[in-house]
Amino acid sequence: MSAWCVLWILFLFVPSFSQTAPFEEIGADNDDKIWFSMIPIERRKSLEPYYEALKDAAYGTERFSIFEQLATAHMEKASADSIRHYGNLYIKELTNWDRPEAEKTSHYAKAYYFLAVGNQFNGLLDNAIEWHLKGIRAAEKCEHTGYQYQHKIGLGKVYNLIQRHKKAIEMLEKAIADFGEEWPKYTNEALIHLGDAYYSSDNSSKAKKYYEQAKKGSTAVEDLGKTLFLDLKLGEIAEREGKYDKAFALYNGARERALAEGLNVLYFEGTIRVGELFYKEKNYEAATMALSMAYVNAMERDNLHYQEEILKIKSNVFADAGNHENAYAVMTRLAAVRKRISERQQQKISKELEVQYETLEKEKEILKLQEDQILKTTELARQKTYKNAFLIGFLIILVPIIALLFTYYQKIQAQSELSKKQEVINSQKVAALKKEQELNLIKAAIAGQDEERKRIAQELHDSIGGNLAGIKLQLASVDENSEQLGLIGGQLDETYQLVRDISHTLIPKKFRQNAFTQLIATYIKSIESTGKLKIGFHPHPEDEVNAVADKLQMELFNIIKELMTNTLKHAKAKQVDIHLSCIANTISLLFEDNGVGFEMGQKVAGIGFKNIKDRVREMNGTCHFDAAPGRGTVVSIEIPKI
């Protein structure tokens with residue numbers, strides 16, 4: 001049966017199993033129906049924000065984050081080409097990212113994982129193994145155990161697909177022992193593939209143990225996809241044990257729930273399992289319907305892995321039903337699918353050979369240019385030899401004249417060289433004077449500002465503050481029972497404290513006794529005194545942080561205040577952590593709160609964030625915001641030391 005011939009099956013039905021007589025008949029007289037449906041191919045609206053964000057995302061970590069989310073979403077939908085597309089985009093932009101290799105390694109580990117999964121969905125298992133191995137090496141290089149765990153789990157899955165179950169068991173058991181406690185969120189998947197390996201090794205009891213353990217963990221974390229997938233696995237064990245009613249209930253329940261939730265991979269798997277179950281009970285018409293619809297959906301997604309699996313089962317269905325013509329047609333199509341899988345595997349080799357060929361051609365072109373250059377150099381040397389010989393002969397004849405000319409020439413050359421050197425020296429002096437003048441002007445301006453601020457602060461502190469303090473003392477001697485005098489005293493107290501605060505704020509750091517970190521700590525203490533926020537401040541190393549330039553200290557202090565203001569206004573946070581570190585020639589500020597967060601790309605363009613970005617840009621630094629609703633906000637700033 002060709003792919004287009006089964007499109008009319010949309011919304012057709014076949015009977016479900018009863019407990020007393022499973023697989024007995026097909027018809028419209030039964031009350032219970034099994035529905036098979038086409039899965040629409042469309043650009044999902046839920047992903048539209050990511051596509052829009054990708055248009056304006058900054059090159060680097062912002063775009064990488066969107067690639068990861070899009071690839072993960074397509075993995076859930078078994079869209080193999082989309083997974084590979086975003087994996088390849090990730091690799092391409094990583095290669096061109098102007099960052100040290102050490103910083104890029106962890107990103108490579110992620111990108112390799114997406115490419116491995118995309119190739120595995122397309123049936124390109126050799127390529128999938130290669131990408132997983134590259135991912136493991138990258139994860140080990142950056143010492144990220146989470147990526148190591150994910151790649152080893154994926155590699156165990158591929159080993160199962162190529163029937164190397166013993167190797168899969170060794171890989172997965174060691175991975176669970178090494179990383180299971182540290183990364184429990186990946187362990188359910190590892191347990192699934194470990195159960196698969198034991199199931200394929202005819203050890204159903206161990207397989208069931210691992211499946212049930214994985215289902216318990218998936219249910220606990222409300223992972224519907226894995227829970228339904230494990231229902232399919234437990235259905236396979238029930239089918240092997242001859243419990244067909246239980247197997248069908250598990251298969252069909254998981255398949256229908258997966259279709260309702262848009263979990264395409266599970267829908268494919270469940271439909272295939274139902275088809276196989278019909279086939280085992282010789283209900284060939286029902287098996288053909290189920291498998292044909294699953295095949296159409298697999299073709300729409302260009303998922304060669306599922307196409308191959310479905311066609312293998314369908315060929316057996318037609319052969320056993322005595323429909324040899326359709327069996328032959330399905331086998332022909334199966335051969336074509338396997339050929340496509342082989343061609344895709346060869347495409348990668350061809351591309352590599354093409355790159356090698358282009359590299360070789362470029363090397364040949366460079367070699368030819370070098371040979372031409374050697375010939376030209378030889379010719380110039382020969383011509384120079386002839387000219388020198390002629391010149392020597394002429395000089396021998398005209399020695400007196402040549403001597404005079406040579407002396408005169410040397411003098412001119414010396415004057416020319418002296419003139420050039422003098423011109424360079426003069427230019428350097430002018431440039432140095434200009435820079436010195438600019439520095440003096442800047443220093444004078446800064447000194448003037450600081451002096452003026454100091455004068456104002458001293459005036460406020462010594463004159464106004466002193467006067468207010470005196471007034472307060474005089475008022476204190478008046479009758480304390482006077483209510484009006486009490487109010488005046490309170491106002492004077494408040495005014496006096498305000499004058500002290502202004503005077504201390506106006507005085508630059510170099511005119512205060514407190515170090516930079518003490519200034520920040522004092523500011524934090526004033527915020528914490530409100531009782532609304534708990535703040536952790538971690539300078540490291542403190543001596544180096546206190547030693548940075550005054551201008552940089554003032555800018556960092558203003559940035560911290562701006563960030564704290566945004567947190568108090570919008571974040572609804574209970575905890576803030578501030579890390580201020582000196583690393584090599586860079587000072588790093590990491591500001592993190594546990595507030596409500598926000599959607600990246602929506603609020604990040606606010607005035608507060610814009611002011612912070614402008615300050616950082618003026619100091620030749622970099623600024624990165626990372627936030628998500630309910631996950632708080634992280635701001636990372638790096639500025640070269642002035």
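Helix 3 and helix 4 cross in the left-handed sense, meaning that the near helix is turned anticlockwise from the far one by less than a right angle (clockwise would be right-handed). Helices here are DSSP runs of H or I with at least four residues, strands are runs of E with at least two, and both are numbered from the N terminus. The model is a predicted one, with pLDDT of at least 70 needed for local features and 80 or more for side-chain atom pairs, while totals for chains, interfaces and linings use all residues. Residues are numbered from 1 along each chain as its sequence is written, and side-chain values use heavy atoms, leaving out hydrogens and water.

Helix 3 covers residues 80–96 and helix 4 residues 101–121; they pack at about 155 degrees, with axes 8 Å apart. Axes are lines fitted to C-alpha atoms, for helices over the stretch in contact, and angles run from 0 to 180 degrees between N-to-C directions. The two helices are therefore roughly antiparallel, the word used for angles over 145 degrees, against under 35 for roughly parallel, 65 to 115 for roughly perpendicular and oblique for the rest. Helix 3 brings residues including Ala80, Ile83 and Tyr90 to the contact, and helix 4 brings His107, Phe114 and Phe121 among them; contact means heavy atoms within 4.5 Å. By class, this contact holds 12 nonpolar, 6 polar and 3 charged residues. Ala, Val, Leu, Ile, Met, Phe, Trp, Tyr, Cys and Pro count as nonpolar, Asp, Glu, Lys and Arg as charged, and the others, Gly among them, as polar.

Next comes the pair of helix 6 (residues 145–161) and helix 8 (residues 184–200), packed at about 20 degrees with axes 9 Å apart. Helix 6 and helix 8 are therefore roughly parallel, and their crossing is left-handed. Tyr149 and Ile153 are among the helix 6 residues that meet helix 8, whose side includes Tyr186 and His193. This contact counts 5 nonpolar, 5 polar and 3 charged residues.

Then there is the sheet: 5 strands, open, mixed in pairing and ordered 3-4-5-7-6. Strands pair if DSSP finds at least two bridges between them. Strand 3 (534–540) and strand 6 (622–627) sit at the edges with a single partner each, so one side of each has no neighbour in the sheet. From one strand to the next, the twist averages 10 degrees. Helix 18 (residues 516–528) packs on the sheet, touching strand 3 and strand 4 (575–583), and its direction makes about 175 degrees with that of strand 3. Strand 6 pairs with strand 7 (residues 633–640) in the antiparallel sense over 6 bridges; Thr622 has Glu638 of strand 7 as its bridge partner.
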